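Student: Could you take a close look at the salt bridges here and walk me through them?

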Amino acid sequence: MTNSPTKPFTPQNLILLLLTLFTLSSCSNKKGDSPKKVAVVISTLNNPWFVVLGESAVERARELGYEATIFDSQNNTSKEAEHFENLIAAGYSAVLFNPTDSEGSVSNVKRAKIAGVPVFCMDREVNSLDAATSQIISDSFSGCVELGEYFVRKLNKKGKYVELLGLVGDNNTWNRSKGFHSVVDHFPDLEMVSQQSADFDRSIAMDKLESVMQSNPDINAVFCGNDAMAMGAYQALVAAGKEKEVMIFGFDGEDDVMNAIADKRIMATVMQSPKNMARTAAELADEYIKGKRDFSAKTPLQVEVVTQENINDFGVYGSGN
């Protein structure tokens, strides 16, 4: 058996080898240095509270080293579905999600789960305990129990009121309403003359209350499922010259309403923090991407009632301001 001759190791071969190693190293570093992507899908950016939620989620994700992009679903489940289809195809590593509809959004979350993309719901829930990795929500029911107790005291247990509901397909709408009614309905001299859905929208709330007051001009209070509707209700009362006669109660802790409470134009709201929700969601997504898999189906965050008496104790949109 004879040994086959070996080729001489020339300077040209050495240069070729070094170039190959450098190219492989560069490609490897480029791939390693490229940040993972986190999608922030928000139900609507036509509401300042949700703008804060989305921007805070993007900010925290970027602080944690991710490339973050915000998507506006415009309160449309079909638009939301397009976002999910695109972000799954684009290779996003996680979704920080504010659903448009508790039932209609479930399929989008499940689609992401099947594709291996974790979803962390913020503020709004989907009607499934195993679709999202976790749902970061405010305790809307308990917050409105406390608000209901304050409502009863301010009206001295009697009077007529209107309730403006949010989106009928949103669990928050009913959690807030149920919490409120779990208290108020025990007082028979408190009469709800109308319950209207205003879709969490300021303009719709103004129009709905104006219409209600045509047949119920003697109302004493308005309970609103969010602060945007509270401001719309206030505009309707101003137009009718009744802003000093009718008490308004909201939910969220929006800038406009916090200022209105300080100016004694609105009676109270329930403070929830979109910043805390967003940051919590981003941090849980970071933990998932780094390997954690054991998450609670729901991550509740506390809320507090803000009134004209304690307004100076709070910042806009809760702690973290």
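Tutor: Sure, let's start with Glu-287 and Lys-292, whose side chains meet in a salt bridge at 3.3 Å, N to O (a salt bridge being a side-chain nitrogen of Lys or Arg within 4 Å of a carboxyl oxygen of Asp or Glu). This is a predicted model, so local features need pLDDT of at least 70 and side-chain atom pairs count only at pLDDT 80 or more, while totals for chains, interfaces and linings use all residues. Residues are numbered from 1 along each chain as its sequence is written, and side-chain values use heavy atoms, with hydrogens and water left out.

Back to that pair: Glu-287 is partly exposed at 31% relative accessible area, and Lys-292 is partly exposed too, at 37% (buried is under 20%, exposed over 50%, partly exposed in between, with a 1.4 Å probe and protein chains only). Asp-286 and Lys-290 also pair up, at 3.2 Å, N to O. Here Asp-286 is buried at 8%, whereas Lys-290 is exposed at 64%.

Now for Asp-170 and Arg-124, whose side chains form a salt bridge at 3.1 Å, N to O. Asp-170 sits in the loop between strand E6 (159-165) and H6, and Arg-124 in the loop between strand E4 (119-122) and strand E5 (134-138), so the pair ties together parts 46 residues apart in sequence (helices, H or I, at least four residues, and strands, E, at least two, are DSSP runs numbered from the N terminus). Asp-170 is buried at 1%, and Arg-124 is buried at 2%.

There's a network as well: salt bridges link Arg-60, Glu-63 and Glu-283. Across the whole structure, the search finds 11 salt bridges.
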